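Here are a few short exercises to work through with the model open. Try each task before you read its solution.

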Amino acid sequence: MKRYKSILSSFLIATMAFSSCTELEDENYSQIITSQFDPQGDDLGALVGAAYVSWRPLMIGRSNNSIYRTNEISSDELVIPARPNGWVDGGMYRRVHEHRWTADDANSSEIWNRAYAGITACNRIIFQIESGSLPITDAKAIETTLAELKVLRASYYYALCDFFGNVPIITRFDVPDGFLPEQSSRQEVFNFIVKEITDNLPLLSDQNDLSTYGKFNQWAAHGLLAKLYLNAEVYTGTPAWDKCIEHANAIINSGAGFMLEPVQANVFRTNNEGSKEIVFAIPFDEKYTPDWENAWTLHMETLQPANQATYNFQGSPWGGICAVPQFVDTFDPDDQRLKSTWIQGQQFTSTGAILNGTMGAYAGRPLIYINELPGVDLSEEGHGFRIGKYEFAQGALVGLSNDFPMIRYADVLMMKAESLLRSGQADAAAELVTQVRQRSFAANPTKATVTGAQLQQGSTYDYGLRNHQRSTTEGGANVQYGRFLDELGWEFAAEGRRRQDMIRFGVFTTKSWLSHVPNGDYRKLLPIPRVQLERNPNLSQNPGY
């Protein structure tokens, strides 16, 4: 499996050209593909691999706020507070926490540009295949390759639909000079994604093995459709719980070998490419994806500099992202996920010596991570539990080699469970939730069981402002199905999805936490980047911006 990852990564890193929505042609890339690459048989996998490249910076993008950071630090789960060594950066992280971002902020431009870069790559290769500029003669190979590219393209549109709603649908690479795409409604984008995946899914591979790892096979496509239908009411105004269940069941009943890992942490190991729980992953390798745009740098972003001695990292961590204390307080003390998700307490070197802080009030004092945080505008080194869900390998470089699980089997079970719950089948939903919980309460198995009645209760999250300037009380008892939202938080913490879940449960723009107060329902969508509006008069800004 490592051989696969290295080959794929080395090819992808050689084709890292980016282009925005309106920059639809890349002559140099075209020349490389057509004149220097003669695809034969298995080489088609490498050809298609070039179109997957954009998912790395789109999901993880370290330079600013791509999907991971935007979904997390805009939520009630994670925050990037001002630290003694910085992390102010013009106030952009604070604006995301407070829901005060603008059309000039990086979270909009990063997600927009990287998603359209992926779409452009798909359109480019589809055009080259369909035009015959690539010497492919195997009709079956052409059919399956085009199907995979179209589903992959749909996955980029899924990100755009989720964050922006109304975006242009571009399916051609050979566009005329001066081409300015028309804007489509969120409903139209949703319909396009569903049709593209549904039409092409039967042509995808049904294998779940080395040959399809990190690619869209039938099961990854079913997982993406399940996610679309889970959020259909948000995207279109019309729920589609039955459709979500249908596609979740396709994976559950696939016989393809998917199953829950006996220990959740196995999904997030450094060498996690063999996990039976992963349905679709974005591959990373510290040797082949080392640059800042494509490296998975979570360890550097969450740990303080002194923790270099804990893991013998090649570089010193930068500090930054941590848990919102109110979120941590929702965990049951006996839940194994409380320990495996969060790095907490006294920090030590790899040999067991006590670590001291290096700056601010903690300089020269024991570095102890506590579940306290003054606010988004103020913190010391020890404030806030740090993300420990992903294994940090001893001696790691600036980038990690952990593959990012974008869809996993626990997600499939929970999507089905939520759809059952919202369809009036609470007890059936509880059986699935209990199944997911069991591995996290191995020492206290009775606590793993949850009932349908419990899932219909409110949230245990103690919402309200909690910072050094102000404290208020809102609670979570009035959140419909709030206990299920809690279950999603406990299982999927720090997995780059919390904003989407909060929107679906009506909490994202209605509740307060830490230093955040509601700032408009329109914040469920990001603004279309100002630079795109200036380039293309066919685009209209999302309401509220």
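**Exercise 1.** Find the sign of phi at Gly 424, just after α17.

*Solution.* Keep in mind that this is a predicted model. Step past the end of helix α17, which covers residues 409-422, and go to Gly 424. Its phi is positive, about 90°.

**Exercise 2.** Work out whether α17 has the span expected at 1.5 Å a residue, or departs from it. Then decide how many of its residues are buried.

*Solution.* Start with the count: α17 has 14 residues. The expected span is 1.5 Å times one less than the number of residues, and for α17 that comes to 20 Å. From first C-alpha to last, the helix reaches 20 Å, close to that expectation. Now for burial: 14 of the 14 residues are buried, so α17 is largely enclosed by the rest of the structure.

**Exercise 3.** Is Glu 495 buried or exposed, and what does it touch?

*Solution.* First place it: Glu 495 sits in the loop between α20 (482-492) and α21 (498-504). Next, compare its relative accessible area of 7% with the cut-off for buried, under 20%. Glu 495 is therefore buried. Leaving aside neighbours within four places in sequence, its contacts include Glu 72, Lys 389 and Arg 408, along with Tyr 68 and Phe 268.

**Exercise 4.** Do likewise for Phe 190: in which helix is it, and which residues does it touch?

*Solution.* Phe 190 belongs to helix α9 (residues 186-200). Its relative accessibility is 7%, so Phe 190 counts as buried. Skipping residues up to four places away in sequence, it touches Cys 161, Leu 228, Tyr 229, Ala 232, Tyr 235 and Thr 236.

Key: Residues are numbered from 1 along each chain as its sequence is written. This is a predicted model: local features need pLDDT of at least 70, side-chain atom pairs count only at pLDDT 80 or more; totals for chains, interfaces and linings use all residues. Side-chain values use heavy atoms; hydrogens and water are left out. Helices (H or I, at least four residues) and strands (E, at least two) are DSSP runs, numbered from the N terminus. Buried means under 20% relative accessible area, exposed over 50%, partly exposed in between (1.4 Å probe, protein chains only). Contact means heavy atoms within 4.5 Å.
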